[in-house]
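Visitor: I am new to this structure and would like a close look at a single part of it. Please take one helix and show how it sits among the rest.

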Amino acid sequence: MVKLHKVAGNIMRILDAFKGSRPAIETQFILIVRSLSDKDLSINDFGKTLDDLIEELNGTKIGDFSDKASKLINRMDEQIRANVHIGGDSDSAGIERMKRSLEELNVFSEYRLFEIPEMHVGVFLVMWKEKSDKGPIFVEVVVSDDEEG
């Protein structure tokens with residue numbers, strides 16, 4: 001569990017997102033943290049910021065619709081369902097539906113799926129902000145232990 005906190009802490013440090021950070025779920029195998037970033041970023045810079053973060057953490061980006069992405073999302077889903085009752089089946093297309101739902105609420109979002117092989121973790125990281133590019137940047141990170149390391 002310490003490595004999950006270390007990864008999430010590094011992400012929050014890089015994004016300057018400790019303000020109001022709190023775990024939504026915290027177990028031995030999965031950690032979900034939500035927060036607000038104090039960075040003054042344009043929504044146009046979200047993608048580069050996330051890609052730079054992955055590089056800084058020695059991570060490897062996972063393609064959104066790849067088999068690896070599907071396996072990671074399903075693993076995260078199982079780890080969450082082991083602790084919280086959720087109706088319905090696991091669905092790897094849920095991330096894209098979440099993005100569309102945010103856009104319908106006039107919110108811009110950008111996300112990345114990646115792994116940090118040396119830490120044996122997979123990460124889902126999403127940032128969102130009003131499309132007007134005003135107001136705070138919301139951050140949510142899911143760090144999942146691959147349970148092999």
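**A helix and its surroundings**

Guide: Start from one residue: Lys71 is found in helix α3. The model is a predicted one, and what follows describes that prediction.

Helix α3 covers residues 67-81, 15 residues in all. From its first C-alpha to its last it reaches 21 Å, close to the 21 Å expected at 1.5 Å a residue.

Lys71 is exposed, because its relative accessible area of 60% is over the 50% cut-off. Asp67 and Glu78 are exposed as well, and these residues lie on the other side of α3 from its buried ones. As for distance, Lys71 and Ser101 are 30 residues apart in sequence, and their C-alpha atoms are 23 Å apart in space.

The buried residues of α3 are Ala69, Leu72, Ile73, Met76, Asp77, Gln79 and Ile80. Seen down the helix axis, the buried residues fall within an arc of 165 degrees, so they line one face of α3.

Next come the nonpolar cores. The largest has 27 residues, and those with the most contacts inside it are Ile11, Phe114, Val123, Leu125 and Val141. Two or more residues come to this core from each of α1 (2-14), β2 (30-37), α2 (46-56), β4 (107-116), β5 (121-130) and β6 (137-145). Of these, α1 gives the most, with six residues. Val141 shows how distant stretches meet: neighbours within four places in sequence aside, Val141 is in contact with Ala8, Ile11, Met12, Leu31, Ile32, Val33, Val123, Phe124 and Leu125.

A second core, separate from that one, has 17 residues, including Leu72, Leu113, Val126 and Trp128. Leu72 is one of the buried residues of α3, and this brings the account back to the helix. As a general matter, nonpolar side chains tend to be buried together in soluble globular proteins.

The strands can be followed from the other members of that second core. Leu113, in β4, stands opposite Ile62. Strand β3 (residues 60-62) and β4 run antiparallel and are joined by three bridges. Trp128, in β5, stands opposite Ser109. Strands β4 and β5 also pair in the antiparallel sense, over ten bridges. Their hairpin has four residues between the strands, and there His120 takes a positive phi near 60 degrees. Strand β4 is mostly covered, with nine of its ten residues buried.

To return to the helix: α3 has buried residues that line one face, while Asp67, Lys71 and Glu78 are exposed on the other side.

Terms used: Residues numbered from 1 in each chain as written. Predicted model: local features only at pLDDT ≥ 70, side-chain atom pairs only at ≥ 80, totals over all residues. Heavy atoms only, no water. Expected span 1.5 Å × (residues − 1). Buried < 20%, exposed > 50% of the residue type's maximum accessible area, 1.4 Å probe, protein only. Arc of directions from axis to C-beta. Core = buried A, V, L, I, M, F, W, Y, C linked by side-chain atoms within 4.5 Å. Contact = heavy atoms within 4.5 Å. Pairing = 2+ DSSP bridges.
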